[in-house]
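Reader: I would like to learn how to read a protein model feature by feature. Could you walk me through one?

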Amino acid sequence: MKIKIGTRGSKLALIQTETVCDKLRQAYPEHTFEIEIISTKGDVVQNRPLHEIGGSGLFVREIEQKLLQDEIQLGVHSMKDMPAVLPEGLVFAKAWPREDPRDALILRETPSLQELPQGAVIGTGSKRRAFQLLALRPDLRIVNLRGNVDTRLRKMEEQKLDGIVLAAAGLHRLGLQQRITQYLEPAQMIPSPTQGFLALECRRENTGLLQMLQAFSEENAETTAQAERAFLREIGADCHMPVGALCTPQNGAFRLDALYGREDGSRLARASVTGSDPQRLAAQAARRIRSQLAGTVCLVSGGPGDSELVTVKGLRQIREADCILYDRLSPAELPTLAKPQCEKIFVGKQNAHPSMRQDAINRLLIAKAMQYDKVVRLKGGDAYVFGRGGEEALALREAGVPFSVIPGVSSATAGLACAGIPITHRGIASGFHVLTAHGQTDALADIDFDALAKSRETCVFLMGLSKVGEITQRLLQAGMDGQTAAAVISCAATPRQRVCTADLQHLAKAVEAACLPSPALIVVGGVVRLRDKLNFFEKQPLFGKRCLVPKIGTRPAPLAQKLRACGAEVQEVTVGEIVQIPAALSAEKLQAVRWILFTSRNGIDAFFASLQAAGLDSRSLANTKIAVIGHSTGRHLRQYGLHPDLTAETANSSSLCQTLGRVLSLSDTVWYPKAAQADHSIRDVLATFCHFEELPIYENRPVPPKEFDPTFAASCEAVFFTCASSAKRVLQALGHVPAAWGTQTTVVSIGPKCSAALRQCGVASILEADSASPDAMVKALLAQQKLQ
């Protein structure tokens, strides 16, 4: 049989492969063994750290691809270069005896690490090595150094580095032991997991070759390799993290020394455990390290759909989170309230097709806790009411990750309330049952329908839309009166809420005819009859109206919040970002300024950012008066501790110019902090009254519309434009003015300039607010709704 052995082309890789090949040839002369050199991305890209180009897997992917395609039958690697999880269909042969696992220090002139001069420069491409060196000698300067052994030795001389760190195993195999200045003992530097082992990789189905390879294995070697790789998997490390592990025999058992650290090296943790089971050793070590390093995971209950039903405590956690994992049932607006640098990960499930399995979510929570100080797992309703929050909390506890739980408003009660159905009512229902309709499989949960049928309490079934017929039939069979009032509430506590009511025996047919979408609640009991009198939620003035709100920046738009408060379904779309332009301010310049004019909150923010950057504060404005375009801008100014001296009678530029023009004189200097691309209409009017200076202090830069749904934009009931740039960008993204705009869709403009831009883009019918504020825009739409 002819066996092709794949390897990288470096000198060390070839020596390792030739060693394996020679052993196989001697042991199995009846077979032919050939070596094939395969170039990998890790060999090609030598000028960047591994974590920037994809990690250690870059040294093996091409070889593994050829294995899977049976172009080669065996791959020989350094096991430390192998990812924690192998591709499906590939396996390692049991481990052969290990070469020296330690790291080695090669110094150009100095005889030891301790004797290196202050600030000595050491080269390495490994975060693990770099951070452990700095723990030993904080004064060292570490520089990135990659390449094969010969390349690194050459670069050390060319760049006049004081030293480099390499794996002792590679130096031994190359016959370069004499170059080693000092071995770094595990107490000083824990090596990379499985450093010194060769990885012999082949297809799982190639059992004959596996048997041939495993004839050279050694039991202790296999145990130690398993323990170190198990730790790598258990801790969830990737190439961004410094990670080390060394398993050694000790008094008939094994000792595992492990290391893990934050990506920036700010914190490193070590653990030592002993035992005989490799998997248990790895789990124990990982748990001890997590107890030292892990941040806190908070299970935040987001409420049943309305983002304002989250608790105050939950909202604070969201705003402080470094990472948020959220799902389909958590209110969509809540993740947008996080700080800009927060990592947001969708882990939601859609019916029977989960985007991520629960065990994978558990592992991701644990991994993110090792990466961040504050992780939020945002869930819909209450985390512990059929939300699998308990499973996540148990997984975190088992892993040694600190966690907390913030209870929330459950859809089981709030969903009914928003449908006008109190879950209990004096004289009708003195209690309630809340059940999940789904068991661990897709079948109906094991429910005591006989007990439910006999009780007078309200029965609420969650996650049961597909089981309505089966649930009602089982209740009827158990003896419940077919005239019992019942309802199904779809998308409860959201603007998409729909409610279908009927008696128990006709509920399934009514729901089928209504074509209600999930998620949905099923409620059975006399309290359903109160819906007609208590239904407040669906009577909100804009309930169910779909509104599009283009905005600048990623933060929730105040206009969107006001529309939601009226019951509207709002889709926000980011079409621009504000980039501040630093202005050269000084106390001397400000002394000459009589008025500063603000027409937006962005101008205020950018001006005070420049003021602070200049080492100044509001005291520099003691002799300066401030004018604002409207009350909303004035409120934002007060956040900086200042009150406007003048507010336009009507919130638009014409009124501002008229109001300010009455108090200006030709000797006055007026500054106008503005957007760089804004027009000069205010300057053209006021320059005749004073010395007027425009101060371009921020820029409204376009960004590709994020999560933009053209179908929604073309068919919604209302679209709101708060500035001319947003109007132009949305219409540019659409490519045309939708036919429904002006007829089925109301186009609302904040003022004359915005309206002019819309007309210029071809929008004929526009509803213009009487003043430039979100309140006025909502008021205009409500007034139109009353007339219709």
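Author: Happy to; what follows goes from confidence to a sheet, its helices, a second region and some single residues. Keep in mind that this is a predicted model.

Reader: Then let me start with confidence: what does pLDDT average over the chain, and where does it stay under 50?

Author: The chain averages a pLDDT of 92, and 96% of the residues score at least 70. Residues 44–55 are where pLDDT stays under 50. For that stretch the model has 25 contacts beyond four places in sequence. Where pLDDT is low, the predicted coordinates should not be read in detail.

Reader: Good to know. Next, the sheet: in what order do the strands of the open sheet lie?

Author: The order is β2-β1-β3-β10-β4, which makes an open sheet of 5 strands with mixed pairing. Its edge strands are β2 (32–37) and β4 (90–92), each of which pairs on one side only. From one strand to the next, the twist averages 30°.

Reader: Let me look at β10. In what sense does β10 pair with β3 and with β4, and over how many bridges?

Author: With β3, the pairing is antiparallel over 4 bridges. With β4, strand β10 (residues 198–203) also pairs in the antiparallel sense, over 3 bridges. To find this in the viewer, look for facing residues: valine 76 stands opposite leucine 200 in β10. From β4, leucine 90 faces arginine 203, and valine 91 faces cysteine 202.

Reader: And why is β10 called largely enclosed?

Author: Count its buried residues, where buried means under 20% relative accessible area. In β10, 6 of the 6 residues are buried, so the strand is largely enclosed by the rest of the structure.

Reader: Which strands do helices α1 and α8 lie across?

Author: Helix α1 (residues 11–27) lies across β1 (2–7), β2, β3 (74–78) and β10, and runs at about 170° to β2. Helix α8 (residues 207–214) lies across β1, β2, β3, β4 and β10, at about 160° to β10.

Reader: How do I read a helix by its faces? Which residues of α16 are buried?

Author: The idea is to list the buried residues and then look down the axis. In α16 (residues 468–477), the buried ones are Val468, Ile471, Thr472 and Leu475. Seen down the axis, they fall within an arc of 95°, so they line one face of the helix. Their cover includes α15 (449–454), β22 (458–462), β23 (485–490), α17 (507–514) and β25 (520–524). After α16 comes glycine 479, whose phi is positive, near 105°.

Reader: Now a single side chain: with which residue does the side chain of arginine 102 make a polar contact?

Author: Its partner is the side chain of glutamate 185, at 2.7 Å. Arginine 102 is in the loop between β4 and β5 (103–107). Leaving aside neighbours within four places in sequence, arginine 102 touches several residues, among them Ala167, Tyr183, Pro186 and Gln195.

Reader: One last residue: is glutamate 219 buried or exposed?

Author: Glutamate 219, in helix α9 (residues 219–235), has 68% relative accessibility, so it counts as exposed. Try a distance from there too: glutamate 219 and serine 307 are 88 residues apart in sequence and 58 Å apart in space, C-alpha to C-alpha.

Notes. Residues numbered from 1 in each chain as written. Predicted model: local features only at pLDDT ≥ 70, side-chain atom pairs only at ≥ 80, totals over all residues. Heavy atoms only, no water. Pairing = 2+ DSSP bridges. Helix = DSSP H or I, 4+ residues; strand = E, 2+ residues; numbered from the N terminus. Axes fitted to C-alpha atoms, helices over the stretch in contact; angles between N-to-C directions. Contact = heavy atoms within 4.5 Å. pLDDT = per-residue confidence, 0-100. Buried < 20%, exposed > 50% of the residue type's maximum accessible area, 1.4 Å probe, protein only. Arc of directions from axis to C-beta. Polar contact = N/O pair within 3.5 Å; in protein donor to acceptor, adjacent residues only side chain to side chain.
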